[in-house]
Amino acid sequence: MRIALGSDHGGVNIRKEIATLLDELGIEYVDFGCDCSTSVDYPDYALPVAEKVASGEFDRGILICGTGIGMSIAANKVKGIRAALVHDTFSAKATREHNDSNILTMGERVIGPGLAREIAQVWLKEEFQGGRHANRIGKISEYENKEQ
């Protein structure tokens, strides 16, 4: 599995925590995040990560900002992306099993590093269940692919 990892200034600390987790798990990743504390624009980090996941260059992505909301909104503008904003382990499990999310977003100002690690670990290990859920994902893809 290859992970595209990114954050804006509001998610630097948790991004570093997640990078450590990925190292510990032996999961390959590339860090596309900023290393600054001054304000930057979250789309500048969310969109490249989402494009790399959508293209298949990376299997999944993890994005962190202050709340996770901006990253989620921006990433979901990229065709083929199902970014899920998650702040608990139950949702992390469900979004992989039921929604086949390919990007996880979290908010550093909402959760701490320990919980962020737990969420990421659950999200990374869970697999899409398919079945009735595949039909639902198919409907999203069909809408996304129709000519407007």
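Where in the structure is Asp31 found? Look for strand S2, because that run covers residues 28–31, and Asp31 is found in that strand. Keep in mind as you look around that this is a predicted model.

Let's stay with Asp31 for a moment. Is Asp31 buried, exposed or something in between? Its relative accessible area is 34%, so Asp31 counts as partly exposed, a label used between 20% and 50%. Leaving aside residues up to four places away in sequence, Asp31 touches Leu5 and Arg15. With Arg15 there's a polar contact, side chain to side chain, at 2.8 Å. The side chain of Asp31 also reaches the backbone nitrogen of Gly33, again at 2.8 Å. For a sense of scale, try Ala74: Asp31 and Ala74 are 43 residues apart in sequence, and their C-alpha atoms are 18 Å apart in space.

Arg15 takes us to helix H1, which runs over residues 12–25. You can check this helix with a little arithmetic: at 1.5 Å a residue, its 14 residues should span 20 Å, and the end C-alpha atoms are indeed 20 Å apart, so the two agree. Arg15 is one of the buried residues of H1, along with Val12, Ile14, Ile18, Ala19, Leu21 and Leu22. What covers them? The cover includes strands S1 (2–7), S2, S3 and S5 (103–107), plus helix H5 (113–125). Just after H1 comes Gly26, with a positive phi of about 70°.

Now for the rings. A pair of aromatic rings is described by the distance of the centres and the angle of the planes. The structure holds one aromatic pair. Its members are Phe32 and Phe58, with ring centres 5.7 Å apart and planes at 85°; anything over 60 degrees counts as edge-to-face, so that's what this pair is. The pair links distant parts of the chain, since its members are 26 residues apart. Phe32 sits in the loop between S2 and helix H2 (43–54), while Phe58 sits in the loop between H2 and strand S3 (60–65).

How accessible are these two residues? Phe32, at 24% relative accessibility, counts as partly exposed, whereas Phe58, at 2%, counts as buried.

Phe58 has another partner to look at: the charged end of Arg2 sits over its ring, 4.2 Å from the centre. You'll find this kind of arrangement again at Trp123, where the charged end of Arg60 sits over the ring, 5.0 Å from its centre.

Definitions and conventions. Residues are numbered from 1 along each chain as its sequence is written. This is a predicted model: local features need pLDDT of at least 70, side-chain atom pairs count only at pLDDT 80 or more; totals for chains, interfaces and linings use all residues. Side-chain values use heavy atoms; hydrogens and water are left out. Rings of Phe, Tyr and Trp (its six-membered ring) pair if their centres lie within 6.5 Å; planes under 30 degrees apart count as stacked, over 60 as edge-to-face and the rest as tilted. Helices (H or I, at least four residues) and strands (E, at least two) are DSSP runs, numbered from the N terminus. Buried means under 20% relative accessible area, exposed over 50%, partly exposed in between (1.4 Å probe, protein chains only). A charge sits over a ring if NZ of Lys or CZ of Arg is within 6 Å of the ring centre and within 35 degrees of the ring normal. Contact means heavy atoms within 4.5 Å. A polar contact is a pair of N or O atoms within 3.5 Å; within protein, one must be able to donate a hydrogen and the other to accept it, and residues adjacent in sequence count only if both atoms are side-chain atoms. The expected span of a helix is 1.5 Å times one less than its number of residues.
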